[in-house]
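Q: I'd like to learn how to read a structure like this one, feature by feature. Can we walk through it together?

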Amino acid sequence: MKKKETIINIAIVIVVILIIVIVKVKFFSGGNPQAGYIQDMEKMTVLDLKGNAVKFTSLLSGDDETFVLILTVYDCHTCILKGHEQLKSLKKEGKQAIGLVVSDDVPDIALWAQNYESAAFYVIKKVDFYTHIRAQQLPVMFTIEDKKVTGSKAITTEP
Amino acid sequence: MKSIYITVIFLLLAMSLSSQEARLERVDQWKFDHDPIVFISDTFISKNNTIIGYFRDENIAEVTPKGIKQVIGIGEGPDQVIFPCLIFRYGDGDDIAVSDLANRIKIFYRKDRGFTSKKSFWYKVDSFALVARECVFSDNKFFITGTNIISQNKIGSKVALITIFNEKGKQLKVLLEKKLSAQQRYDLMYYHIINLKKGLLAFIPENEPTVTLISPKSMEVVKQVPLTIPSFYKKMPGDFYTIKKKIKPGDSGAFILQMLETFRTGYSRINNLNFDQNWLILQMRTCDKKLKRYAILVYNADTFKLEHTLYTDDYLVGVKDGKFYCFANGNPGWDGEIDDVVFNIYQLKK
């Protein structure tokens with residue numbers, strides 16, 4: 001009888017510890033919730049605005065973080081402008097910052113990008129976007145360091 | 001004495017003939033077994049005498065005597081549009097330009113019975129955005145009407161009512177600048193614009209029967225002409241869209257839209273502007289229970305003298321070769337549910 005009680009007590013302690021760990025990880029981990037991730041970055045290919053294939057990792061900074069804005073031209077206009085402003089200010093700070101537009105129509109994106117001359121834009125084909133990138137919503141700004149996503153934040157109209 | 005009698009009779013006869021009002025006589029009717037149409041806008045008459053425009057459930061459609069057929073659908077495909085907000089004629093034929101994003105104009109070329117797109121233009125607008133209302137393409141330039149905020153501060157804003165872009169999307173000029181109060185800065189007023197004659201555009205706000213003539217080549221205002229209007233005219237207030245005055249905190253967006261619609265149908269709003277056979281033609285609401293719902297005002301396009309006032313309950317969707325193409329019983333978006341899908345085609349009879 002006593003042995004049974006001990007087992008129950010141990011089980012209760014284990015459950016309590018598990019609950020504490022889960023709550024701590026879930027609510028008090030201190031990190032920002034991720035708005036997305038990139039998988040198999042090494043295999044990812046993008047296109048420049050002339051349609052030439054470029055290895056995505058070749059666009060990343062070797063020794064510093066790189067900021068990558070991913071968007072479609074159909075996203076909310078204010079969010080696109082906000083993302084573009086962020087790219088501009090990051091570039092001013094000397095950071096590597098690029099935009100990736102999800103589209104299969106490179107000439108159209110080249111025309112679109114004329115209105116955003118101060119930032120470097122590349123095109124990622126839809127199939128490659130769906131293969132490599134998961135994002136809760138677009139536009140999203142990824143921070144990449146050492147070929148690993150270290151942060152991601154959705155660009156919204158919220159301040 | 002006899003000659004006096006003859007003269008009086010002749011004068012009376014002449015007076016009776018001259019006072020005979022022109023009217024619309026129906027010459028054709030297209031009636032379809034089709035789901036009710038929810039809203040109609042941006043319509044024009046094609047070279048083949050069909051109606052092309054926005055019919056909400058069909059998106060961009062063409063109406064022929066045989067029926068209503070979607071010609072451009074919604075989507076991200078090359079021959080589709082995302083969210084059409086402006087539809088207008090591109091060039092002299094039946095090619096269409098559609099503004100479907102905040103700063104894109106997509107061109108669709110007529111191909112057999114459908115349309116195909118090969119190019120689009122992106123024009124630059126800043127975060128204030130241009131509230132685009134109507135557009136015409138003339139002299140290789142896009143003339144977009146609608147409030148374009150040039151600068152703003154706490155007191156108010158400076159806006160332009162016409163913004164001109166070239167085919168590369170570069171802003172060339174703004175026209176008709178005016179100041180708005182802080183409450184009015186997001187002005188939703190409609191501004192109509194059409195190609196009047198070769199080398200001349202006509203611009204008219206929905207609340208002001210004054211036509212502004214613009215040269216597309218020089219991009220300058222040529223002159224402004226106040227139009228004669230019938231006595232029923234009930235002017236929309238200039239601060240009509242200053243919704244901040246009319247809403248209370250907590251009012252829903254749907255309530256605000258409904259309120260705007262109610263207000264919009266309570267005044268003699270100018271619905272549309274057309275040019276045909278040297279006539280400048282506009283349709284406005286009469287707001288008079290003794291009269292029919294709408295009046296079509298026909299002006300001489302040289303003198304701007306009012307030549308005819310025609311009354312109808314139908315909504316004018318375009319004029320071509322002296323024929324007035326109308327949707328029977330009003331615009332469903334504003335005049336309530338209209339179950340029958342009927343297009344009436346009229347001619348002016350004196």
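A: Sure, and keep in mind that this is a predicted model. Let's begin with a sheet in chain B: four strands make an open sheet there, ordered β11-β12-β13-β14, and the pairing is antiparallel.

Q: Which strands stand at the edges of that sheet?

A: Look for strands with a single partner. Here those are β11 (134-138) and β14 (171-181) of chain B, so each has one side left without a neighbour in the sheet. From one strand to the next, the twist averages 30°.

Q: Over how many bridges do β13 and β14 of chain B pair?

A: Strand β13 (residues 156-166) of chain B pairs with β14(B) over nine bridges, in the antiparallel sense. To find the register, pick a residue and see what faces it: B:I162 stands opposite B:L175 in β14(B).

Q: What about the backbone angles along there?

A: A handy check is to scan for positive phi outside glycine. B:L176 turns up, with a phi of about 55°, and this residue sits in strand β14 of chain B. B:F304 is not a glycine either, yet has a positive phi of about 60°. Its setting is a loop, the one between β21 (294-300) and β22 (306-312) of chain B.

Q: What is the strand order in the open sheet that contains β15 of chain B?

A: The order is β15-β16-β17-β18 (chain B), four strands with antiparallel pairing. At the edges you find β15 (191-197) and β18 (220-226) of chain B, each pairing on one side only. The twist in this sheet averages 25° from one strand to the next.

Q: And the register between its strands?

A: Do as before. β15(B) and strand β16 (residues 200-205) of chain B are antiparallel partners over six bridges. For a residue pair, take B:N195, whose bridge partner in β16(B) is B:L201.

Q: Let's move to the interface. How should I judge its size?

A: Interface size is often given as the accessible area lost when the parts come together. Between chain B and chain A, about 1,100 Å² is buried, and carbon and sulfur atoms give 53% of that. On chain B's side, B:E76, B:W122 and B:K124 supply 46% of the area it buries against chain A, more than any other three residues. Counting contacts instead, 14 residues of chain B touch eleven residues of chain A.

Q: How many salt bridges cross the interface of chain B and chain A?

A: The rule finds two. A:D108 makes a salt bridge with B:R104, with 3.6 Å between the closest N and O atoms; the cut-off for that call is 4 Å. The residues of chain B's side that touch chain A divide into six nonpolar, three polar and five charged. For polar contacts between the two chains, the count is five residue pairs.

Q: Why does the salt bridge of A:K95 and A:E65 tie together separate parts of the sequence?

A: Start with the totals: over all chains the structure holds 21 salt bridges. In chain A, the side chains of A:K95 and A:E65 meet in one, at 3.7 Å from N to O. A:K95 lies in the loop between α2 (77-92) and β5 (96-102) of chain A, and A:E65 in the loop between β3 (53-55) and β4 (66-71) of chain A, so the pair links parts that are 30 residues apart in sequence.

Q: Where is the proline of the cis peptide bond, A:P139, found?

A: Check omega to spot such a bond. The one joining A:L138 and A:P139 is cis, with omega about -5°. A:P139 is in the loop between β7 (133-135) and β8 (140-145) of chain A.

Definitions and conventions. Residues are numbered from 1 along each chain as its sequence is written. Chains are lettered from A and ligands numbered from 1 in the order in which they are written. This is a predicted model: local features need pLDDT of at least 70, side-chain atom pairs count only at pLDDT 80 or more; totals for chains, interfaces and linings use all residues. Side-chain values use heavy atoms; hydrogens and water are left out. Contact means heavy atoms within 4.5 Å. Buried area is the accessible area (1.4 Å probe) that two parts lose on being put together, summed over both. A polar contact is a pair of N or O atoms within 3.5 Å; within protein, one must be able to donate a hydrogen and the other to accept it, and residues adjacent in sequence count only if both atoms are side-chain atoms. Ala, Val, Leu, Ile, Met, Phe, Trp, Tyr, Cys and Pro count as nonpolar, Asp, Glu, Lys and Arg as charged, and the others, Gly among them, as polar. Two strands pair if DSSP finds at least two bridges between them. Helices (H or I, at least four residues) and strands (E, at least two) are DSSP runs, numbered from the N terminus. Axes are lines fitted to C-alpha atoms, for helices over the stretch in contact, and angles run from 0 to 180 degrees between N-to-C directions.
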